[in-house]
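Reader: I've got the model open and I'd like to know how some of the labels were earned. Can we go through them?

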Amino acid sequence: IMAPSGQKKKGILERLDAGEVVIGDGGFVFALEKRGYVKAGPWTPEAAAEHPEAVRQLHREFLRAGANVMQTFTFYASDDKLENRGNVQRFTGQQINEAACDLAREVAEEGDALVAGGVSQTPSFLSCKSENDVKQIFKKQLDVFVQKNVDFLIAEYFEHVEEAEWAVQVLKSTGKPVAATLCIGPEGDLNGISPGECAVRLVKAGAQIVGVNCHFDPEMCVKTVRMMKEGVEKAGLKAHYMSQPLAYHTPDCNRQGFIDLPEFPFSLEPRILSRWDMQKYAREAYDAGIRYIGGCCGFEPYHVRALAEELTAERGFLPAGSDKHGLWGAELKMHTKPWVRARARRDYWEKLKPASGRPYCPAFSMPDSWGVTKGHADLMQQKEATTQDQLKELFTKFKL
């Protein structure tokens with residue numbers, strides 16, 4: 001891998017071993033759904049093959065914002081997910097994964113970024129398929145990542161540590177560095193296995209980088225990774241740590257995370273973190289010993305830029321996107337209105353408590369808390385489209 005200067009790029013472990021901060025990118029499925037390129041529900045990444053220009057542009061925006069990793073747009077790109085519940089496919093899983101790798105590599109070569117191939121949880125695991133069946137699904141995606149020679153691998157968005165272990169065991173067979181992130185909070189995975197124990201199991205399975213992604217806000221994710229770090233150190237093991245949270249405030253979430261919130265997925269905007277919230281997250285993550293700091297659903301390029309700007313001293317440079325952004329609102333000194341110019345200072349933005357402008361909205365929600373996980377009849381998946389009768393049964397249960 002050559003850097004733009006012609007020098008060989010440092011690998012992910014080389015960077016982390018040297019104590020460098022690695023900035024991850026953001027949440028592709030949510031960002032592209034809002035732009036009209038991803039369908040909510042399946043949340044599958046056909047856009048890599050259908051609309052490569054949209055995926056390429058988002059990669060470029062995250063790179064310009066300061067991201068050191070271009071994660072392939074392969075979230076939920078396993079064949080069993082691509083054909084789940086009547087999702088009509090114009091492209092095979094292999095075509096989508098290949099296109100995603102090519103796009104990530106193309107943009108990574110425009111800067112000092114690495115390409116990470118990612119796999120995520122599967123409907124097959126939820127439907128109680130065998131360990132071998134689930135591992136074969138990961139292996140099929142992995143074959144593409146090997147062919148395309150990605151720089152490292154990520155097993156992300158796992159609610160059950162058991163499935164994440166299976167993914168890590170498959171990914172480590174390549175000899176490439178492996179990161180593993182669970183979508184869990186301080187209560188642990190959906191079987192109640194603590195974050196510390198989860199992390200130990202992932203390290204023992206072969207992951208060199210462990211942490212969390214998605215489902216919870218930055219505050220909750222940093223707290224969870226701290227627990228993971230304590231567990232790994234107590235077990236006498238070593239690892240690097242990673243955090244890629246939501247860009248939404250979720251203090252009212254339960255173990256299942258934001259998918260249990262009534263606002264998921266189409267009314268989450270009032271919960272969005274500001275760029276200043278992101279700077280606070282970056283500092284807290286760094287102080288907790290986390291060196292791979294990125295984001296997941298809801299993260300837009302300006303959020304990633306905020307991470308990079310907060311850690312400018314540690315990284316030694318600003319991202320290209322900061323050419324159009326003054327630190328802590330400094331560019332507002334150029335505004336025509338004097339009361340806006342008066343906001344060109346850090347203490348104004350640090351102390352501000354943003355209003356929602358929604359007089360009748362509660363501060364918190366009540367999570368749905370259905371309390372089901374792997375093995376429950378409600379979670380058995382099917383290739384056929386969801387029927388109206390099945391929906392009516394859910395609507396009755398939901399009592400909305």
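Reader: How do you know that K176 has no salt bridge?

Author: Bear in mind that this is a predicted model. The nearest side chain of opposite charge to K176 is D151, 6.2 Å away. A salt bridge needs the charged atoms within 4 Å, so D151 doesn't qualify and K176, though buried, goes without one.

Reader: What does the side chain of K176 make a polar contact with?

Author: The side chain of N149, at 2.8 Å. The cut-off is 3.5 Å, so that pair counts as a polar contact. K176 sits in the loop between α9 (161-171) and β5 (178-182). Not counting residues up to four places away in sequence, K176 touches N149, V150, D151 and L153.

Reader: Where does UniProt put the "binding site"?

Author: The unreviewed UniProt entry places that feature at C214, C296 and C297. They span 84 residues in sequence, but no two of their C-alpha atoms are more than 6.3 Å apart, so they gather at one spot. C214, C296 and C297 also belong to the lining of the largest cavity.

Reader: What makes C296 and C297 buried?

Author: Buried means under 20% relative accessible area. C296 comes in at 12% and C297 at 6%, so both earn the label.

Reader: Which residues are in contact with C296 and C297, leaving aside neighbours within four places in sequence?

Author: For C296, they are G26, G27, N213, C214, Q244 and P245. For C297, they include G27, F30, C214 and P245. C296 lies in the loop between β8 (292-293) and α13 (301-310), and C297 lies in the loop between β8 and α13 too.

Definitions and conventions. Residues are numbered from 1 along each chain as its sequence is written. This is a predicted model: local features need pLDDT of at least 70, side-chain atom pairs count only at pLDDT 80 or more; totals for chains, interfaces and linings use all residues. Side-chain values use heavy atoms; hydrogens and water are left out. UniProt positions are given in the numbering used here, feature names are shortened, and annotations may be inferred rather than shown by experiment. On a 1 Å grid over the protein atoms alone, a cavity is a set of points where a 1.4 Å probe fits but cannot get out, and a pocket is an open set with protein on both sides within 12 Å along at least five of seven lines; lining residues have an atom within 4 Å of a point. Helices (H or I, at least four residues) and strands (E, at least two) are DSSP runs, numbered from the N terminus. Buried means under 20% relative accessible area, exposed over 50%, partly exposed in between (1.4 Å probe, protein chains only). Contact means heavy atoms within 4.5 Å. Lys and Arg count as positive and Asp and Glu as negative; His and the chain ends are not counted. A polar contact is a pair of N or O atoms within 3.5 Å; within protein, one must be able to donate a hydrogen and the other to accept it, and residues adjacent in sequence count only if both atoms are side-chain atoms.
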